[in-house]
Amino acid sequence: MRDASKTVGVDIAVVGAGPAGLIAAREASCRGVDVVVLEEHGEVGKPCHCAGLLSLKGLERLGVPVDGAYVQNKVRGARFFSPSGLTFSVEKTEPVACVVDRGAFDKHLAQEAAGAGAQIFLDEQVKGLERGEEGVLIHSEGGGVRAQVVVDAEGASSRIMKNVGFKPISRDSLVLGIQCDLGDVSVDPDYVEAHFSSRTAPKFFAWVIPLSGNVVRVGLGCKGGNPKECLDWFVKKRFGIGKSLVREDVHSGLIITGGPVERSFGDRFLVVGDAAGQVKPTTGGGVILGGMCASMAGRVAAEAVRSGDCSSSFLVRYEDAWRGELGGDFRSMLLARRVADRLSDKALDKLFSAVIKENLQGLFSAEGDMDLQSDVILKLLRKREVLSVMPSFLRALVPF
């Protein structure tokens, strides 16, 4: 525990030791600046609110090994289920994603950040900050930290954004999520499952992610329903009513589906990851895209410190970078989410029927990217067969 009576002076302070914060810290530290990470919990990686399904290509984009000890399983495809039970598969011949133990994964990222020179302070809940011409003074449980730049990586419930006058994530864009691990079940370890229906997961979907052939991570997101009741119903429906199932690691949390915040930079301040809404609106996954944005934030923050200019006029380079590279994907995924949220069970069944009849799942198998989804989304929405099954008010959302 550090001396709370002393103020620590650093170049960059990162608030939050999730993947985005640790990647930002790693990238900044690699560039020769002093970085400290302030984590409110007593252990990196705890608590966990993530399903842990990450694309192998995405991990490579982040410079993270795809065969680390944190990898629990690798999958090569996904099976999708409609409300009435229609199903199709999207698959590759080789694995495309891995299931990770998020606690172990985050600890690996912490080791990388520390190896690059970052200090990580635990039990350091940030109470507030004061921005001035000479730097930013952060008030936390452990005492004061003075930094030239602050990177906010707190997550979906960021307090700092409100503190500095930024507009945080809209509460309307949040979906309640819950998941647990189940043992003594029988599944294909090569495939994840996604189940869609208003009874199972209103305005989102349920997932089954294999950790092995007999252990799965099962969960769902829902809007307007009781997550626990929905999960109980889905587990009984999918794995057998009346069967005794051992549940472990039950977690709940918020799933972000509304796209990025309006502004992610200011004087001496950047916001990254879930706090910035840098999450796939289609699935709620934020590790890869949030990590890519965090890499840019770490680089720009380090450049700002080294140049002696930490103003918003310099730090705008961060927002220009991530919007330039990923803005199109966020917009396309947000469009797909808005369409999906408005589809009835009957319309979903019609959509599944069209996909199966026209073999449109081959488009996903051949060209799909788990993280950069804009190309395949736009190609799918341009298909006459897809447009024909959508009500007219949904077709009006599609800008072509």
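**Stop 1: helix 1 and helix 3**

Select helix 1 (residues 19–29) and helix 3 (residues 102–115) in this predicted model. Where these two helices pass one another, the crossing is left-handed. Their axes lie 8 Å apart and make an angle of about 20 degrees. Angles under 35 degrees count as roughly parallel, and helix 1 and helix 3 are therefore described as roughly parallel to each other.

Next, display the side chains between them. On the helix 1 side, the residues that meet helix 3 are Pro 19, Leu 22, Ile 23, Ala 25, Arg 26 and Ser 29. Their partners in helix 3 are Arg 102, Phe 105, Asp 106, Leu 109, Ala 110, Glu 112 and Ala 113.

**Stop 2: helix 3 from end to end**

Keep helix 3 selected and begin at its start. There, a side-chain oxygen of Asp 101 comes to within 3.0 Å of the backbone nitrogen of Gly 103. Helix 3 contains 14 residues, and the distance from its first C-alpha to its last is 20 Å, close to the 20 Å expected at 1.5 Å a residue. After the helix comes Gly 117, which has a positive phi near 120 degrees.

Which residues of helix 3 are buried? They are Arg 102, Gly 103, Phe 105, Asp 106, His 108, Leu 109, Ala 110 and Ala 113. To see what surrounds them, add helix 1, strand 3 (53–55), helix 2 (56–62), strand 7 (97–100), strand 8 (119–121) and helix 6, against which these buried residues pack.

Now centre the view on Asp 106, a residue of helix 3. Is Asp 106 buried or exposed? Its relative accessible area is 3%; since buried means under 20%, Asp 106 is buried. Setting aside residues up to four places away in sequence, Asp 106 touches Ala 17, Gly 18, Pro 19, Leu 22, Val 44 and Gly 45.

**Stop 3: helix 6 and helix 7**

Move to helix 6 (residues 287–307) and helix 7 (residues 312–341). Helix 6 has 21 residues and extends 30 Å between its first and last C-alpha atoms, close to the 30 Å expected at 1.5 Å a residue. Of these 21 residues, 17 are buried, so helix 6 is largely enclosed by the rest of the structure. Just after it, Gly 308 adopts a positive phi of about 80 degrees.

The axes of helix 6 and helix 7 come within 7 Å and cross at roughly 165 degrees. Angles over 145 degrees count as roughly antiparallel, and the two helices are therefore roughly antiparallel to each other. Their crossing is right-handed. Residues of helix 6 that meet helix 7 include Leu 289, Met 292, Met 296, Val 300 and Ala 304. On the helix 7 side, Phe 314, Tyr 318, Trp 322, Leu 326 and Phe 330 are among the residues they meet.

**Stop 4: two loop residues**

Select Thr 282, in the loop between strand 18 (269–271) and helix 6. Its relative accessibility is 16%, so Thr 282 counts as buried. Beyond residues up to four places away in sequence, Thr 282 touches Phe 204, Phe 205, Met 333, Ala 336, Arg 337, Gln 373 and Ile 377.

Then select Met 370, in the loop between helix 9 (361–367) and helix 10 (374–381). At 30% relative accessibility, Met 370 counts as partly exposed. Met 370 and Val 96 are 274 residues apart in sequence, yet their C-alpha atoms are 8.6 Å apart in space. Not counting residues up to four places away in sequence, Met 370 touches Leu 53, Ser 55, Val 96, Ala 97 and Lys 280.

**Stop 5: helix 5 and strand 16**

Go to helix 5 (residues 227–239). Asn 226 caps its N-terminal end, with a side-chain oxygen 3.0 Å from the backbone nitrogen of Lys 228. The end C-alpha atoms of helix 5 are 18 Å apart, which agrees with the 18 Å that its 13 residues should span at 1.5 Å a residue. Gly 240, just after the helix, has a positive phi of about 115 degrees.

Colour Pro 227, Cys 230, Leu 231, Asp 232, Phe 234, Val 235 and Phe 239, which are buried in helix 5. The strands against which the buried residues of helix 5 pack include strand 12 (174–183), strand 15 (215–222) and strand 16 (247–256).

Finish at Asp 249, in strand 16. Asp 249 is in contact with Gln 179, Cys 180 and Asp 181, leaving aside its neighbours within four places in sequence. Measure from Asp 249 to Cys 48, C-alpha to C-alpha: the two are 9.1 Å apart in space and 201 residues apart in sequence.

Notes. Residues numbered from 1 in each chain as written. Predicted model: local features only at pLDDT ≥ 70, side-chain atom pairs only at ≥ 80, totals over all residues. Heavy atoms only, no water. Helix = DSSP H or I, 4+ residues; strand = E, 2+ residues; numbered from the N terminus. Expected span 1.5 Å × (residues − 1). Buried < 20%, exposed > 50% of the residue type's maximum accessible area, 1.4 Å probe, protein only. Contact = heavy atoms within 4.5 Å. Polar contact = N/O pair within 3.5 Å; in protein donor to acceptor, adjacent residues only side chain to side chain. Axes fitted to C-alpha atoms, helices over the stretch in contact; angles between N-to-C directions. Parallel < 35°, antiparallel > 145°, perpendicular 65-115°, else oblique. Left-handed = near helix turned anticlockwise from the far one by under 90°.
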